[in-house]
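Let's take a walk through this one together. Keep the sequence and the 3D view side by side as you read.

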Amino acid sequence: MRILILGGTSFVGRAIVEDALRTGAEVTLFGRGKTGTDLFPGLTRLIGDRDTGDYAALRDGSWDAVVDVSGYVPRHVGQAMDALGDRVGRYLFISSHAVYARTGVAPGSTEDTPRRPPVRDTEELVEETYGRLKVACEDDVLARYGARATIVRPGKVAGPYDPSDTFTYWARRAARGGRVALPADPGQPVQIIDSRDLARLVVQLLADDRPGAFHAVGPAEPVTLGGLIETCARVAGSQVELVRVSAEGMPPMFPLVRPNWPTQQRNPARARAAGLPATPLEVTAAGVLAWDRERGEPPMECGYSPEEERALLARQDGAAVDG
């Protein structure tokens, strides 16, 4: 199978490339050529820039499938489809759970859950627009390719090379052990998908030439936020005590903390039936922890810094004494 990856040298794309190569696929990469240039030296790299609309490198060639990892706004997707036309068999678009309506959703929601209204008059990726722009992208792929379109909607993806630090924050924090400040209910459900499981699903959907939309969520066994932190500690050989602290002043988009619990309880049945594996959470945590240590544990861009957490716990203890 000949597969074109639009953006494939960072995190999710990297995992998809690795899995595709494992199956013997012939992979071509399209990107700016600015990151991950040392990866996959034997693959054909086509240089272009989606932000500027430079798709000249896609003028020639044909592929059995394209995987769009880096399409965030309708212009990206539309220009890519215009450049490729009918020289691709299947167009698989990596979307997001941010496409879904946020109210009236119950636990166990499926891929048929109502989506948010699309937006096309902006390319600013912020909380209010990100999911709605993805809706517009989905609509355009389906309109152009119909039964040759596949939509994959991942939950929070975790694994080595994750640039977001969202899962890594808890893996590193749990490994330090001790009292852990948690500005949320430890009983909140969490859905994590290992990047390798997401990649396996994508490649399997292409191999089966399967249309439709699919939830890429895990782990196989439901887990809470508190349980996830304790799992990370167990993997690291540490002991933790979760301390519930006030969410007042909490940094925005605190790692894995979500007020709307049903959004963390999506139904993965369709994806499981299509071949989505279920890597144990312990395996994901161990891989992230090893990678984080190997890269030297750089400062996090999310969550509490160690200093902030110590000060927060000290204030909490002081308030308890005064009370």
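Start at Ile5 and look at what surrounds it: leaving aside residues up to four places away in sequence, Ile5 touches Ile16, Val17, Val27, Thr28, Leu29, Phe30, Val67 and Val69. Bear in mind that you're looking at a predicted model. Ile5 is also one of the best-connected members of the largest nonpolar core, a set of 34 residues in which Ile5, Ile16, Val67 and Val152 touch the most other members. Quite a few elements chip in at least two residues each to this core: the strands β1 (2-6), β2 (26-31), β4 (63-68), β5 (88-94) and β11 (212-216), plus the helices α1 (12-22), α5 (195-207) and α7 (269-274). The top contributor is α5, which gives seven residues. There's another core too, lying apart from that one, with 30 residues that include Ala181, Leu182, Val223 and Cys232. As a rule of thumb, nonpolar side chains in soluble globular proteins tend to be buried together.

Now step over to Val12, which sits in helix α1. Is Val12 buried or exposed? Its relative accessible area is 15%, and buried means under 20%, so Val12 counts as buried. Not counting residues up to four places away in sequence, Val12 touches Val69, Val157 and Leu198. Val12 also shows how the chain folds back on itself in numbers: Val12 and Arg196 are 184 residues apart in sequence, yet their C-alpha atoms are 8.4 Å apart in space.

For another pair, try Glu308, found in helix α9 (residues 306-322). Glu308 and Tyr100 are 208 residues apart in sequence, and 34 Å separates them in space, C-alpha to C-alpha. Glu308 is partly exposed, with a relative accessible area of 42%.

Time to zoom out. How many helices and strands does the protein have? There are nine helices and 13 strands. With 323 residues, a compact globule would have a radius of gyration near 20 Å, and the protein's 21 Å agrees with that. If you draw a box around the C-alpha atoms along the principal axes, you get roughly 70 × 45 × 40 Å. Of the 323 residues, 51% are buried. Take the contacts with a separation of 6 or more, and 78% of them are between residues 24 or more positions apart.

What about the outside? The protein exposes about 14,300 Å², and carbon and sulfur atoms supply 51% of that area. As for charge, there are 38 positive and 43 negative side chains, and the centres of the two sets lie 2 Å apart.

Finally, let's hunt for some backbone oddities. Most residues other than glycine have a negative phi, and most peptide bonds are trans. Gly218 and Pro219, however, are joined by a cis peptide bond, with omega at about -5 degrees. You'll find Pro219 in the loop between β11 and β12 (223-224). Asp165 isn't a glycine, but has a positive phi of about 65 degrees. Asp165 sits in the loop between β7 (156-158) and α4 (166-176), and at 5% relative accessibility Asp165 counts as buried. Asp209 has a positive phi as well, near 55 degrees. Asp209 lies in the loop between α5 and β11, where its 46% relative accessibility makes it partly exposed.

Note on methods: Residues numbered from 1 in each chain as written. Predicted model: local features only at pLDDT ≥ 70, side-chain atom pairs only at ≥ 80, totals over all residues. Heavy atoms only, no water. Helix = DSSP H or I, 4+ residues; strand = E, 2+ residues; numbered from the N terminus. Rg over C-alpha atoms; globule rule 2.2 N^0.38 Å. Buried < 20%, exposed > 50% of the residue type's maximum accessible area, 1.4 Å probe, protein only. Contact = heavy atoms within 4.5 Å. Areas by Shrake-Rupley, 256 points an atom, 1.4 Å probe, with all protein chains shown as cover. Lys, Arg positive; Asp, Glu negative; His and termini not counted. Charge placed at Lys NZ, Arg CZ, Asp CG, Glu CD. Core = buried A, V, L, I, M, F, W, Y, C linked by side-chain atoms within 4.5 Å.
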